[in-house]
Amino acid sequence: EEEEEEVANDEGQVPAEPALEVGLVVAEESADMQVVVHIDRSLGLLMAVSVKVGSTIAALKHELARMDFTGQTKPEDIALSLGGSGGSDAPLDDATVLSRANAELEVCMPPD
């Protein structure tokens, strides 16, 4: 019988089993993503907000309202569209799920 030669790692320890990379896999739903919200593109005014992948427009609007240091903005006061990022100027529904595909939004006029 041949014995396998054990090789020590950098710390001088011999690993009992090969390292598993399971811990390196991050579930897409638990990952954070950056959403850029353009307040006024012509003036270069924007906000970058970190949200969980799979969050909704409603959750983003709540976060934007919470970030208002004056405390005057309410989520229902905010309307967001795909705007200048190649989409429509129509406000997105609150149930719209955020993804990397719609991670650049624009403040727009709320529907009547």
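# A chat about surface and salt bridges

Mentor: Let's start on the surface of this predicted model. Ile39, Leu43, Leu45 and Val107 form a nonpolar patch there, and together they have about 350 Å² of accessible area.

Trainee: Where does valine 107 lie?

Mentor: Valine 107 is in strand S4.

Trainee: And is valine 107 buried, exposed or partly exposed?

Mentor: Valine 107 counts as partly exposed, because its relative accessibility is 35%, and between 20% and 50% is the partly exposed range.

Trainee: Let me step back. How many helices and strands does the protein have?

Mentor: There is 1 helix, along with 4 strands. Reading from the N terminus, the order of elements is β-β-α-β-β.

Trainee: What share of the residues is buried?

Mentor: Of the 112 residues in the protein, 25% are buried. The accessible surface comes to about 8,300 Å², and carbon and sulfur atoms hold 53% of that.

Trainee: What about contacts between residues far apart in sequence, how much do they account for?

Mentor: Take the contacts with a separation of 6 or more: 45% of them are between residues 24 or more positions apart.

Trainee: Back to that patch. Which residues does histidine 38 contact?

Mentor: Leaving out neighbours within four places in sequence, histidine 38 is in contact with Leu45, Leu46, Glu104, Leu105, Glu106 and Val107. Two of those names, Leu45 and Val107, you have met in the patch.

Trainee: Where is histidine 38, and is histidine 38 buried or exposed?

Mentor: Histidine 38 sits in strand S1. Histidine 38 is buried, because its relative accessible area is 9% and the cut-off for buried is under 20%.

Trainee: Which side chain does histidine 38 make a polar contact with?

Mentor: That would be glutamate 104, with 2.7 Å between the two side chains in the polar contact. Glutamate 104 is also part of a salt-bridge network with Arg41 and Glu106.

Trainee: Oh, salt bridges! How many are there in the whole structure?

Mentor: A search of the whole structure gives 5 salt bridges.

Trainee: Why would such side chains pair up at all?

Mentor: Opposite charges on side chains can pair when the charged atoms come close.

Trainee: Okay, which residue pairs with lysine 61?

Mentor: Aspartate 94 does, and the closest N and O atoms of that salt bridge are 2.7 Å apart. Lysine 61 belongs to helix H1 (residues 57-67) and aspartate 94 to the loop between S3 and S4, so the salt bridge ties together parts 33 residues apart in sequence.

Trainee: Is lysine 61 buried or exposed, and what about aspartate 94?

Mentor: Lysine 61 is buried, at a relative accessible area of 9%. Aspartate 94 counts as partly exposed, at 36%.

Trainee: What else touches that loop? Say, which residues does threonine 56 contact?

Mentor: Not counting residues up to four places away in sequence, threonine 56 touches Asp94, Ala95, Thr96, Val97 and Leu98. Threonine 56 itself is in the loop between S2 and H1, and at 25% relative accessible area threonine 56 is partly exposed.

Trainee: How far is threonine 56 from aspartate 93?

Mentor: In space they are 9.0 Å apart, C-alpha to C-alpha, while in sequence they are 37 residues apart.

Trainee: And which salt bridge does aspartate 32 make?

Mentor: Aspartate 32 meets lysine 52, side chain to side chain, at 3.2 Å from N to O. The pair links distant parts of the chain, with aspartate 32 in strand S1 (residues 32-40) and lysine 52 in strand S2 (residues 45-52), 20 residues apart. Aspartate 32 is partly exposed at 46% relative accessibility, and lysine 52 is partly exposed at 44%.

Trainee: Which residue does glutamate 63 bridge to?

Mentor: Arginine 66, with the closest N and O atoms 2.6 Å apart. Both lie in helix H1, 3 residues apart, about one turn of the helix. Glutamate 63 is partly exposed at 22%, whereas arginine 66 is exposed at 59%.

Trainee: Last one: where is aspartate 89?

Mentor: Aspartate 89 is in the loop between strand S3 (80-81) and strand S4 (104-107). Aspartate 89 is exposed, with a relative accessible area of 56%. Beyond four places in sequence, aspartate 89 touches Ser81, Gly83 and Cys108.

Methods:
Residues numbered from 1 in each chain as written. Predicted model: local features only at pLDDT ≥ 70, side-chain atom pairs only at ≥ 80, totals over all residues. Heavy atoms only, no water. Helix = DSSP H or I, 4+ residues; strand = E, 2+ residues; numbered from the N terminus. Buried < 20%, exposed > 50% of the residue type's maximum accessible area, 1.4 Å probe, protein only. Contact = heavy atoms within 4.5 Å. Areas by Shrake-Rupley, 256 points an atom, 1.4 Å probe, with all protein chains shown as cover. Salt bridge = Lys/Arg side-chain N within 4 Å of Asp/Glu carboxyl O. Polar contact = N/O pair within 3.5 Å; in protein donor to acceptor, adjacent residues only side chain to side chain. Patch = residues over 30% accessible without salt bridge, like charges linked within 9 Å, V, L, I, M, F, W, Y side chains within 5 Å.
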